[in-house]
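Subject: Handover of a structure and notes on its contents

Dear colleague,

Please find below the structure that I am passing on to you. My notes on it come after the display.

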Amino acid sequence: MERLSTAAKLPDSFFGGRDDISMQMGLIWSQIKAPLIVPLLRLAVVLCLIMSVMLFVERLYMAVVIVLIKLFGRKPEKRYKWEPMKDDVELGNSAYPMVLVQIPMYNEREVYQLSIGAACGLSWPSDRIIIQVLDDSTDPTIKDMVELECQRWASKGINIKYEIRDNRNGYKAGALKEGMKRSYVKSCDFVAIFDADFQPEPDFLWRTIPFLLHNPELALVQTRWKFVNSNECLMTRMQEMSLDYHFTVEQEVGSSTHAFFGFNGTAGVWRIAAINEAGGWKDRTTVEDMDLAVRASLQGWKFVYLGSIQVKSELPSTFKAYRYQQHRWSCGPANLFRKMVMEIIRNKKVTFWKKVHVIYSFFFVRKIIAHINAFVFYCIVLPATVLVPEVVVPKWGGIYIPSLITLLNAVGTPRSIHLLVFWILFENIMSLHRTKATIIGLLEASRVNEWIVTEKLGDALKTLKVATKLPRKPRFRIGERLHLLELAVGLYLFFCGCYDFIFGKNYFYLFLYIQATAFFIIGFGYVGTFVPNS
């Protein structure tokens, strides 16, 4: 009986202890809230509003430029000299420039035949083109397969070179740099670069080379990507929306106003003299393509973007592959900005306004502010104002400007406008990884030079071979299914949503619950987990 009476008293002491802890926590919160939390949160709101205005002005500026381009018909063919190449009876094929086509690859079992076949199918005088396959594969079986494919095309009379290295120093930049050292490259005037999943049309060179041939100030002709698997799932549709805006607006505006934009690393043609003058390929960051473009621009070279030429390519089909790709694409530019900002400021060969465009618009707003503001404002600061009602976010900053920015972003893919809500939720989730990568790049922290090749599944080839939908194979490993960062942010948003539901008056909890659910779906591995089973 004594034991029973003692046990009966335990819950009271337990609850009493719990109440004491709650009271202590509440007391601490009330003491630090007014002098510390409120001022810090107000400062964060002000900074986020400033960043939002910067983004809005940048988006609005680009929208105005695009409208003017459409109204006045400022096509590349009108801004630069372009004439179709004609046969010369006296000179014969020697009238055509020598073109090198580089295809860097790494363990590309699924797509190596696609890229090599497309490159070998390019229409150009056979004695004026060299196909160079730069194989950094570490899998000996895949190496043999790629070499046999090269030999197969060589037996058909194609001038194709199979090049390998005994290391992977510098990754893609190292492979491209090594490829340019070959003796036969000295006779080449231009180099076209295609990643392993890219498939140019046969007339690609006929439509791009004339720009470089007739305009000696041009260093680069960049073309647009066309995604063969954009309809595979909702995640690929979201990627398409983001990348279509990049090509339709950002690249077009850069080409039309300052003759500068970031090289996309593939589906472009470079003047070899410009590459050499800029210092060649460098592997100091994970964005060797952007690095070369900035250095070439600082030498006074101009670039042109041709949105009318589309090259087939593949989007990452798994969330893991997409996350690694976005880490590289976010970390690299931030790190390059850190390394080059003073070099850009001190440069004497370009105008003041071009420096402003490169430093402020190209790097600071698009590559740094855009990532940080998306996550910090919409996923951290705005939800925090629910817990601290003393801090108020004006409607123009919390609703109107974000809505306008979203609508301006949607112009790139009109067919997906009905998916805008899903795109917003997905982009907010990805902003977590982009922000983390951007900070790593700025601070040169660990993983700053991490290079993981984006997994490619060869969907274009599978579409040709199989008309029916392929079965999907689940992965059940817990480590791959659970994403702790997404789950942590989801819990934070859910808690803020519950608080707003109980104490709030503005229905903000609706957004918080929806965004938290999106984080949970990603966090528990229900997006990009299933891949086609070959």
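The notes below go from the overall fold to the cores, the salt bridges, the cavity and two backbone details.

Please bear in mind throughout that this is a predicted model.

Overall fold

The chain contains 17 helices and 9 strands. Its C-alpha trace spans about 110 × 55 × 40 Å along the principal axes. Of the 534 residues, 53% count as buried. Among contacts with a separation of 6 or more, 82% are between residues 24 or more positions apart.

Nonpolar cores

In soluble globular proteins, nonpolar side chains tend to be buried together. In this model the largest nonpolar core has 92 residues, and those that touch the most other members are Val-101, Ile-116, Leu-205, Trp-270, Val-294, Phe-303 and Phe-363. Leaving aside residues up to four places away in sequence, the contacts of Phe-303 include Tyr-80, Leu-218, Leu-220, Phe-260, Phe-261 and Trp-270. Ser-255 and Ser-297 are also among the residues that Phe-303 touches. A second core, separate from this one, comprises 49 residues, including Ala-370, Leu-387, Phe-426 and Leu-512.

Salt bridges

There are 17 salt bridges in the structure. One of them pairs Arg-182 with Glu-163, with the closest N and O atoms 3.0 Å apart. Arg-182 sits in the loop between helix H5 (171-180) and strand S4 (190-193), whereas Glu-163 belongs to strand S3 (residues 160-164), so this salt bridge ties together parts that are 19 residues apart in sequence. Glu-163 is buried, at a relative accessible area of 15%.

Two further pairs deserve a mention. Arg-284 and Asp-291 form a salt bridge in which the closest N and O atoms are 2.8 Å apart. Arg-284 is partly exposed, with a relative accessible area of 25%, while Asp-291 is buried, with a relative accessible area of 0%. Arg-434 and Glu-427 form another salt bridge, their closest N and O atoms being 2.8 Å apart, and both residues are buried. Elsewhere, salt bridges with shared partners join Glu-163, Glu-178, Lys-181 and Arg-182 into one network.

The cavity

How many cavities of 30 Å³ or more does a search of the whole structure find? The search finds 1, and the space in the largest cavity is about 50 Å³. Its lining consists of Leu-134, Asp-135, Asp-136, Glu-163, Ile-164, Arg-165, Ala-175, Glu-178, Gly-179 and Arg-182. Strand S2 (129-135), S3 and H5 are the elements that give two or more residues to this lining, and H5 gives the most, with 3 residues. By class, the lining has 3 nonpolar, 1 polar and 6 charged residues. Glu-163, Glu-178 and Arg-182 line the cavity and also belong to the salt-bridge network described above.

Two backbone details

Asn-107 has a positive phi of about 50°, although this residue is not a glycine. Asn-107 is located in the loop between strand S1 (99-105) and helix H3 (112-120) and is partly exposed, with a relative accessible area of 25%. Tyr-171, likewise not a glycine, has a positive phi of about 55°. Tyr-171 is placed in helix H5 and is partly exposed, with a relative accessible area of 30%.

With kind regards

Definitions and conventions. Residues numbered from 1 in each chain as written. Predicted model: local features only at pLDDT ≥ 70, side-chain atom pairs only at ≥ 80, totals over all residues. Heavy atoms only, no water. Salt bridge = Lys/Arg side-chain N within 4 Å of Asp/Glu carboxyl O. Helix = DSSP H or I, 4+ residues; strand = E, 2+ residues; numbered from the N terminus. Buried < 20%, exposed > 50% of the residue type's maximum accessible area, 1.4 Å probe, protein only. 1 Å grid on protein atoms, 1.4 Å probe; cavity = no way out; pocket = protein on both sides within 12 Å on 5 of 7 lines; lining within 4 Å. Points joined across faces, edges and corners; volume = space filled by probe spheres on them. Nonpolar A, V, L, I, M, F, W, Y, C, P; charged D, E, K, R; others polar. Core = buried A, V, L, I, M, F, W, Y, C linked by side-chain atoms within 4.5 Å. Contact = heavy atoms within 4.5 Å.
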